[in-house]
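Me: Could you walk me through this structure, starting with its pockets? I'm new to this, so plain sentences please.

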Amino acid sequence: MAKKMLVIGEIRDAQFRNVTFEAIAAAKGISSGGEVVGVVLGEKVSNHANEMVAYGADRVIVVENEKLAHYTPEGYAQALNEVVNKENPDGILLGHTAVGRDIAPKLAARIGSGLISDAVSYDVVGEEVVFTRPIYSGKAFEKVVVTDGMIFATIRPNNIAALEKEEERSGDIESLDVPIMDLKTMIKEVVKNTSTGIDLSEASIIVAGGRGMKGEENFSILYELADVLGAAVGASRGACDAEYCDYALQIGQTGKVVTPDLYIAVGISGAIQHVAGMSNSKVIVAINKDPEAEIFQIADYGIVGDLFEVIPKLTEEFKKVLV
Ligand code: FAD
């Protein structure tokens, strides 16, 4: 049966996060020929609506309000509640990002729905939708079937391919006026905390450093390599605890969960809590001087050696072919 699916878009630094387009692709598959409705929230965001159409949305609802200029759970929940009540969709998808993880349970509670969080894939089996999501820190996967009620899920970035962008796709764009009551939280300033422009959770290449880096100043060799590869820089908690870098870079069970095409682990031992955040990377390269390091058990390629010799050589070689 054809379904109406709502996709909540997320804009950061004046552009959509890629996972918005991935969620549209998933919604398209789940809708089985039904309607995919994009939602854009913010202050001056109507110019973004067409991009959702280009990636496959049939219709886009734009909710503009100065109180939505920055994300607040209160403001977004009010606005989205209105949209859901008006549209009465069969399902809602959004990215499993910091914002998605925050707003989805709140919205689910408001609309009286269940929620499947952190889905990495989906299947449509007859009338049912089956989501796959990691459990036990990525050591196993469970399949969750939506048998009744709203299909509400957050989608992990980098796991479901977005559709090709087609500028000539057409779709209706509507603006919806939603009164937002006074908010109890006021965002005065947003301070960016990542050291490269590339968002870790959506990066296709990540170079991550561990305690083996031996000092904050040595992270510069990782940034040089990352620069050549167009990669984001991440870290183990060991490196963050040792104050070599900011906790914003931490990957793992208590840090960010990433799924890049290529993950280069440098001077990282491979503790289970780190692996929980990166084991689903498509290709893993480990560089460690200890041949017994656990990271080699999950690595596709391993280099046993001193990172201070290996990394500059890699950078030099990549420069020859990439720059
Ligand atoms: P180490 O284990 O000290 O490893 C350093 C590695 O560098 C070693 O393998 C060594 O052989 C190698 N090395 C040293 N010098 C060189 C050199 N010159 N060249 C090449 N290799 C070299 N950790 C996370 O990463 N993310 C998390 O989210 C996280 N959450 C946690 C949650 C809890 C509740 C707990 C208890 C722990 C958590 N940890 C997490 C910590 C985790 O258990 C490890 O302590 C941490 O991952 C170790 O970081 P590391 O691999 O950088 O350091």
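Reply: One definition is needed before we start: Ala, Val, Leu, Ile, Met, Phe, Trp, Tyr, Cys and Pro count as nonpolar, Asp, Glu, Lys and Arg as charged, and the others, Gly among them, as polar. Please also keep in mind that this is a predicted model.

Me: OK, so what classes of residues make up the lining of the largest pocket?
Reply: Sorted in that way, the lining of the largest pocket has 20 nonpolar residues, together with twelve polar and twelve charged ones.

Me: And what's its volume, and which residues lie nearest its centre?
Reply: The volume of the largest pocket is about 1,200 Å³, and of the 44 residues that line this pocket, Glu-10, Ile-11, Arg-12, Arg-17 and Val-99 lie nearest its centre.

Me: Which element gives the largest share of that lining?
Reply: Helix H4 does, with five residues, and H4 (98-111) is listed along with strand S2 (11-12), strand S4 (36-42) and strand S6 (91-95) as elements that each supply at least two residues of the lining.

Me: Which domains does the lining draw on?
Reply: The lining of the largest pocket takes at least three residues from each of domain 1 (5-175) and domain 2 (205-322). The C-alpha centres of domain 1 and domain 2 are 31 Å apart, and eight residues of domain 1 are in contact with nine residues of domain 2.

Me: What about the second largest pocket, what lines that one?
Reply: The second largest pocket, with a volume of about 450 Å³, is lined by 26 residues, and those nearest its centre are Arg-211, Ser-236, Gly-267, Ile-268 and Ser-269. Two or more lining residues come from each of helix H6 (237-241), helix H7 (272-275), strand S16 (283-288) and helix H9 (307-322). By class, this lining has six nonpolar, 15 polar and five charged residues.

Me: Switching topic: is helix H3 mostly covered or mostly open?
Reply: H3 is mostly covered, with eleven of its 15 residues buried, and among the buried ones are Tyr-76, Leu-80, Val-83 and Val-84. The elements that cover these buried residues include strand S1 (5-8), S4, strand S5 (59-64), S6 and H4.

Me: How far does H3 reach, and what follows it?
Reply: Helix H3 (residues 73-87) reaches 20 Å from its first C-alpha to its last, which is close to the 21 Å expected at 1.5 Å a residue. H3 is followed by Asn-88, which has a positive phi, near 45°.

Conventions: Residues are numbered from 1 along each chain as its sequence is written. This is a predicted model: local features need pLDDT of at least 70, side-chain atom pairs count only at pLDDT 80 or more; totals for chains, interfaces and linings use all residues. Side-chain values use heavy atoms; hydrogens and water are left out. On a 1 Å grid over the protein atoms alone, a cavity is a set of points where a 1.4 Å probe fits but cannot get out, and a pocket is an open set with protein on both sides within 12 Å along at least five of seven lines; lining residues have an atom within 4 Å of a point. Grid points are joined across faces, edges and corners, and a volume is the space filled by probe spheres set on the points. Helices (H or I, at least four residues) and strands (E, at least two) are DSSP runs, numbered from the N terminus. Domain bounds come from an automatic or database domain assignment. The expected span of a helix is 1.5 Å times one less than its number of residues. Buried means under 20% relative accessible area, exposed over 50%, partly exposed in between (1.4 Å probe, protein chains only). Contact means heavy atoms within 4.5 Å.
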